[in-house]
Amino acid sequence: MRTVVILQQPMSVCVPPNHEVTLRVQAIGTGALKYQWFDKQQTEVAGGTEPELTVSLQRSGKYICRVSDLYCNYQFTEWVKVRILDEPGVSRTWRGEPHIVIHPISQTVKPGETFTLKCTALGKPAPAYQWYRNGRILPKQTTETLRIENANADTVGSYLCAVSNNLEESWSEAAEIEIAPPDQQPTPTLMATDKVALLIGNLNYNHHPGLMAPTMDVHELANLLQQLGFRVVSLLDLTLQEMQAAIDKFLQLLDRGVYAVFYYAGHGYEHSGRNYLVAIDAPRPYRTENCVCVQRVMHSMQERKAQLNVILLDTCRKWYKQKGPFSEIKPLAPLGNTVYGYATIEDAEAFEVQDGGKSTGIFTKYLNKHVLKPERVTRVLEQVSEDLGKDPLVHGRQVVEIRHTLTEPRALTDLVRTSGHTMELRRRDACWKQANVLPGRRSLDFPYCGVKVDLSFSALFSNVLVVFGTVRNTSAKAQDCTLILESEPQMQDIFSGSGRSEEMDSLLVNSGETPDCTLRLCCLQRLQGSLVIKVTLHYTHTQTKERLTESKELDIGRPLIASCKLNQTRPVDRRQESRVHTVDHMSNIRYPHHQNHPRPGLPYTRKAENRLQSSAKSISMSSNEPEENDENDSNEFTM
């Protein structure tokens, strides 16, 4: 029987950007063999018709090769990854031996704490890792990151990581782990009854320039707050109605003794001493009634009598009426429980930057660096301000502003005390779980061909669900199985744009899943009914050689935030509407609805254009106002 046999699989590599890499496959078969390489989108690579494929990438990529003979027999290689790490220090004569770019760092930890050590290396092929403690091998610790829970006397010592491939073996620098003496351990006196956080990132605007960084900013901050014991709801791309509904749900989690964090990344502005957050459906030009007023959010948080209210805004604060009063903190009563952390000062812009293949808001970059520190929340923000002030990308352009009414050294790391608050805690727990419940792992049997498909689910955000499909137990009746996952109704993929898909793929790699097919479902808050996953299996019948198809459907209900029904009609706040200020200054200049992100390493503003597009010259509707968001130096940022 004629067949194609793969003798040597291509090998994954880890290299710097723009480094030339050659992937190789070796196979045997009947007659002359044909080769075709495919990228991670399963698109044919132009010119990739040889056993060797040479690539030079700026971002990580995945490839697979199909080897076929003259009789239509074919085999696919395993997927191979070209991982890109933007780290300096690699010489031009580097042959591919392991080159360690991140060494583990010594730490002093408290008894019972969890600590992590990391070692990362370049290599061709990608290196293998093995951790050691005090010269002894640590079984099963063979990944870049070593995580040790419940630190104690047995975990103290010197840690090393051996990194090797078929060229060489290298050793990391030693990391010394020590246990802090009892007198260095602060005794927590201030505690919370619960800790909750709502994180919103808006990036795909219908009528304003799109942003890149809110995706990673929200994801990373959500993970850090979860490490601090916060119940986190993280949402991307919300309309005004959805933002208001999400805030209402968030307020239901607040009560006496609760620590509350509200974070927003996206377009924003300031008018008459109030800060406004721009929803993705805000028209152009927009009015204040098309946006969320930050001071109203804080007012509602204070009404709930929370112990600590923190609002963090990574957004611009350009004025729309420069004669308006300065922003003020106006609590309901003289309560010492309010903290504002602004990414920038009044009438100034906040910037995001794309560097090393990762987009981030500069304010959030330094916030994530310090947020885990066991210090009062105002001190954490002061450290953020100090670091941002030293950043050459925004020096003289962006300065953090901190306002607070704290009378106690409250910290985000304060512990949660549940005694005496059982009923309230259970109620908040049920409300929080409603927005975070994942479908369980499912198995689907395809009886005609005898194949089983496993479906598993992961939540990257509270409104973004990823479905993983994996073929199991392939029978003798089927070969060359291919999976396709679809949903009914079809859900928008907000990460399909250039650059965004790669960042999302990096999150999927970190999830540890190795599926045959993935399906990304975004904007779950707009789901009106049950979500149905359609699984289509394509395979070749072993005996007849026919290419056949079987399909099955799985109803997973309303997962994650969809169960909260944020899209139900919400009453209009007539109080705000009655004193709304219209921003309708017209201009004869055209601006695109969406801008491309600048070159990597250059800052990009988070202010939204608010001009009415018109091909004819227009007259100002408000003579006492300047041109809103006039980009006098836009050429400096837009490439």
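**Figure 1. Strand S6 and its partner S3 in the predicted model.** Strand S6 (residues 52–56) has a covered face formed by Leu53 and Val55, and an uncovered face formed by Glu52, Thr54 and Ser56. In a regular strand the side chains alternate between the two faces of the sheet. Strand S3 (residues 20–24) pairs with S6 in the antiparallel sense, over five bridges. Within this pairing, Val21 stands opposite Val55 of S6.

**Figure 2. Alternating side chains along strand S16.** Strand S16 spans residues 145–148. Leu146 and Ile148 point to one face and are buried, while Thr145 and Arg147 point to the other face and are not buried. Strand S12 (residues 115–118) is joined to S16 by four bridges in the antiparallel sense. Leu117 stands opposite Leu146 of S16.

**Figure 3. The open sheet of six strands and helix H5.** The strands follow the order S21-S20-S22-S26-S27-S30, and their pairing is mixed. At the edges are strand S21 (231–236) and strand S30 (401–404), each of which pairs on one side only. Neighbouring strands of this sheet are turned by 10° against each other on average, direction ignored. Helix H5 (residues 377–389) packs on the sheet and touches S26, S27 and S30. The direction of H5 makes about 10° with that of S27.

**Figure 4. The parallel pair S26 and S27.** Five bridges connect strand S26 (residues 308–314) with strand S27 (residues 338–342), in the parallel sense. Ile311 has Tyr340 in S27 as its bridge partner. Tyr340 counts as buried because its relative accessibility is 3%.

**Figure 5. The open sheet S23-S24-S25 with helices H2 and H3.** Three strands form this open sheet, with antiparallel pairing. Strand S23 (268–271) and strand S25 (291–293) stand at the edges; each has a single partner strand, so one side of each is left without a neighbour in the sheet. Neighbouring strands of this sheet are turned by 30° against each other on average, direction ignored. S23 and strand S24 (residues 274–278) run antiparallel and are joined by four bridges; His271 stands opposite Arg274 in S24. Helix H2 (residues 240–251) packs on the sheet, where H2 touches S24 and S25, and its direction makes about 30° with that of S25. Helix H3 (residues 294–303) lies across S24 and S25, running at about 50° to S25.

**Figure 6. Aromatic pairs and a ring cluster.** The structure holds six aromatic pairs. One of them joins Tyr74 and Phe76: the ring centres are 5.8 Å apart and the planes stand at 85°, so the pair is edge-to-face. Tyr74 counts as partly exposed, at 26% relative accessibility, and Phe76 is likewise partly exposed, at 37%. The rings of Tyr340 and Tyr342 have centres 5.5 Å apart and planes at 0°, so this pair is stacked. Tyr340 is buried at 3% relative accessibility, and Tyr342 is buried at 2%. Ring pairs also link Phe38, Tyr74 and Phe76 into a cluster.

**Figure 7. Charged side chains over aromatic rings.** The charged end of Arg317 sits over the ring of Tyr342, at 3.8 Å from its centre. Lys62 lies over the face of Trp79, 5.6 Å from the ring centre. Tyr342, the ring beneath Arg317, counts as buried.

**Figure 8. The surroundings of Ser172.** Ser172 lies in the loop between strand S18 (169–171) and strand S19 (175–179). With a relative accessibility of 6%, Ser172 counts as buried, since the limit for that class is under 20%. Not counting residues up to four places away in sequence, Ser172 touches Ile100, His103, Pro104, Cys119, Leu160 and Cys161.

**Figure 9. The enclosed helix H4.** Helix H4 comprises residues 362–370. Seven of its nine residues are buried, so H4 is largely enclosed by the rest of the structure. The buried residues are Ile362, Phe363, Thr364, Tyr366, Leu367, Asn368 and His370.

**Figure 10. Buried cysteines Cys65 and Cys316.** Cys65 counts as buried at 0% relative accessibility. Cys316 is also buried, with a relative accessible area of 1%. With a disulfide taken as a pair of cysteine sulfur atoms within 2.5 Å, the count comes to zero disulfides.

Conventions. Residues numbered from 1 in each chain as written. Predicted model: local features only at pLDDT ≥ 70, side-chain atom pairs only at ≥ 80, totals over all residues. Heavy atoms only, no water. Buried < 20%, exposed > 50% of the residue type's maximum accessible area, 1.4 Å probe, protein only. Pairing = 2+ DSSP bridges. Helix = DSSP H or I, 4+ residues; strand = E, 2+ residues; numbered from the N terminus. Axes fitted to C-alpha atoms, helices over the stretch in contact; angles between N-to-C directions. Contact = heavy atoms within 4.5 Å. Phe/Tyr/Trp six-rings, centres within 6.5 Å; stacked < 30°, edge-to-face > 60°. Lys NZ or Arg CZ within 6 Å of the ring centre and 35° of its normal.
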